[in-house]
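Welcome, and please get your viewer ready. We will move from stop to stop, with something to select at each one.

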Amino acid sequence: MTIAVAEALMGSTGKSDDEVRAELVASMQRWGRKYPHAGYGVAFSAWLEEKEPKPYGSFGNGSAMRVAAAGWLYESLEETRRYARLTAEVTHNHPEGVKGAEAAASAIFMARNGCAKDGIKDYIVWEFGYNLSGTCDEIRPVYRHVESCQETVPEAITAFLEGVDFEDVIRTAVSLGGDCDTLTCIAGSIAEAFYGVPDIDKLECRGRLPEDMLAVLDQFDAATDRRAYGFMDGSVLKEAMRMFQWERRKENLYTLLAVLRDSFVWVPCNAILSEHDYAEAERMVREAGDTPDTLVGKRFTNKDLMRLVPDILRKGEDFFFPVFATAEEMGEYGERFSKVQKSFLECMILARNNEKNVKGIVVNAFSEPFILTTDLFDATARISSRFKV
């Protein structure tokens with residue numbers, strides 16, 4: 001339903017409340033009927049099949065679980081609360097159901113706009129009357145499975161307030177017990193706005209979503225101008241390598257291959273001048289004679305195209321094509337070469353066609369290396385891209 005609400009709310013600015021409600025109903029019924037076994041409550045499942053669906057007075061926590069898009073799409077807290085209210089009213093029109101949606105969306109809006117946790121807490125307490133004085137340690141022993149907004153939204157917000165990063169918020173919410181998927185959904189949506197979600201976690205989630213949901217998610221990311229994934233700066237690749245080195249499970253290997261497939265990496269290259277340009281460079285060196293320091297800072301402009309030939313590393317009798325997550329990963333080795341950034345897919349082609357018949361690609365050869373052997377090239381290339389880069 002989070003996808004359904006996001007799809008309905010995009011482009012909603014300027015529409016009347018009734019028009020927005022109609023869009024929400026249509027989207028929620030369309031997605032709900034397409035995925036009828038997603039664990040909906042009995043009343044909501046019946047609502048999905050009605051020809052003229054009406055709100056049914058619910059104060060269940062579904063209204064807060066699905067509202068995240070309202071916290072991202074609008075430029076004011078007033079607008080955010082208006083659209084959050086509308087997303088609840090089509091089903092959960094009980095005051096507590098509406099309050100839960102507005103509170104969650106408000107926390108997301110404030111978090112993404114740089115508000116400190118104390119400010120978020122004070123606003124939620126003042127505007128919605130939730131008691132946020134208890135700690136998770138105090139909540140945990142007495143908490144139980146409950147599906148109302150009034151007994152899940154405050155607890156989820158408390159988990160967000162106590163967490164120190166995105167993962168810690170999720171773990172803290174799970175640790176409370178009870179309706180864990182609801183708690184983590186609400187707490188995680190606020191934590192995303194406050195901390196961001198690690199790219200590696202986004203990749204894992206995207207790998208579990210069908211293409212129709214990914215299309216809406218990509219559209220939503222574009223509409224909210226959210227941060228691009230770290231495939232150009234090497235951050236997601238380094239995290240995927242760290243995970244695989246830490247625990248060499250099949251799932252972590254697949255994630256690493258999926259990241260490699262989408263990544264851009266740095267390749268050390270030898271610069272090969274044309275005969276004319278090489279002769280000119282030699283002439284400059286000869287003229288410098290015993291004072292080569294005079295060449296420092298002196299401009300040399302090549303007349304012809306320069307070829308950049310990737311360097312090849314040797315280990316025993318085998319050769320490997322080296323690439324690096326960042327140029328800095330090359331260390332002193334990289335000082336001897338020119339450096340170019342290429343997609344990993346292109347590097348697989350270059351490695352396969354290299355005259356030395358390389359055994360594979362070695363990533364970050366001088367820190368914690370990972371070798372992708374040539375027999376895995378085709379399988380890696382066939383992995384469906386999970387990101388638009």
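On this tour, two residues touch, or are in contact, when they have heavy atoms within 4.5 Å of each other. Keep in mind that this is a predicted model.

**Stop 1: a loop between two strands**

Start by selecting Ala 365, which sits in the loop joining strand S6 (360–363) to strand S7 (370–373). Which residues does Ala 365 touch, leaving aside those up to four places away in sequence? Show Leu 313 and Phe 324, and you have them. Now add Ser 27 to the selection: Ala 365 and Ser 27 are 338 residues apart in sequence, and their C-alpha atoms are 50 Å apart in space.

**Stop 2: helix H10 and its surroundings**

Next, select Val 164, in the loop between helix H9 (153–162) and helix H10 (166–175). Is Val 164 buried or exposed? Val 164 is exposed, because its relative accessible area is 61% and the cut-off for exposed is over 50%. Show Phe 194 and Tyr 195 as well: together with Val 164 they make a nonpolar surface patch of about 260 Å².

Step along to Asp 165, which caps the N-terminal end of H10. Look for a side-chain oxygen of Asp 165 that lies 3.3 Å from the backbone nitrogen of Glu 167.

Now colour the buried residues of H10, which are Phe 166, Val 169, Thr 172 and Ala 173. Turn the view to look down the axis of H10: these buried residues fall within an arc of 125 degrees, so they line one face of the helix. An α-helix has 3.6 residues a turn, so residues three or four places apart point the same way. What do the buried residues of H10 pack against? Show helix H8 (136–139), H9, helix H11 (180–195) and helix H12 (199–206) to see the partners. Before leaving, click on Gly 177, just after H10, where phi is positive at about 80 degrees.

**Stop 3: salt bridges**

How many salt bridges does the structure hold? There are 24, and we will visit some of them.

Select Glu 7 and Arg 30, whose closest N and O atoms are 2.7 Å apart in a salt bridge. Glu 7 belongs to helix H1 (residues 2–9) and Arg 30 to helix H2 (residues 17–34), so this pair ties together parts that are 23 residues apart in sequence. Both ends are partly exposed: Glu 7 has a relative accessible area of 26%, and Arg 30 has one of 46%.

Move on to Asp 218 and Arg 206, another salt bridge, with the closest N and O atoms 3.0 Å apart. This pair links distant parts of the chain, with Asp 218 in helix H13 (residues 211–224) and Arg 206 in helix H12, 12 residues apart. Here Asp 218 and Arg 206 are both buried.

Then select Asp 378 and Arg 352, whose side chains meet in a salt bridge at 2.9 Å, N to O. The two are 26 residues apart, Asp 378 in helix H19 (residues 377–382) and Arg 352 in helix H18 (residues 344–352). Asp 378 is partly exposed at 43% relative accessible area, and Arg 352 is partly exposed at 44%.

For the last view, select Asp 17, Asp 18, Arg 21, Arg 82, Arg 85 and Glu 89 together: a network of salt bridges links them.

Methods: Residues numbered from 1 in each chain as written. Predicted model: local features only at pLDDT ≥ 70, side-chain atom pairs only at ≥ 80, totals over all residues. Heavy atoms only, no water. Patch = residues over 30% accessible without salt bridge, like charges linked within 9 Å, V, L, I, M, F, W, Y side chains within 5 Å. Areas by Shrake-Rupley, 256 points an atom, 1.4 Å probe, with all protein chains shown as cover. Salt bridge = Lys/Arg side-chain N within 4 Å of Asp/Glu carboxyl O. Helix = DSSP H or I, 4+ residues; strand = E, 2+ residues; numbered from the N terminus. Buried < 20%, exposed > 50% of the residue type's maximum accessible area, 1.4 Å probe, protein only. Arc of directions from axis to C-beta. Polar contact = N/O pair within 3.5 Å; in protein donor to acceptor, adjacent residues only side chain to side chain.
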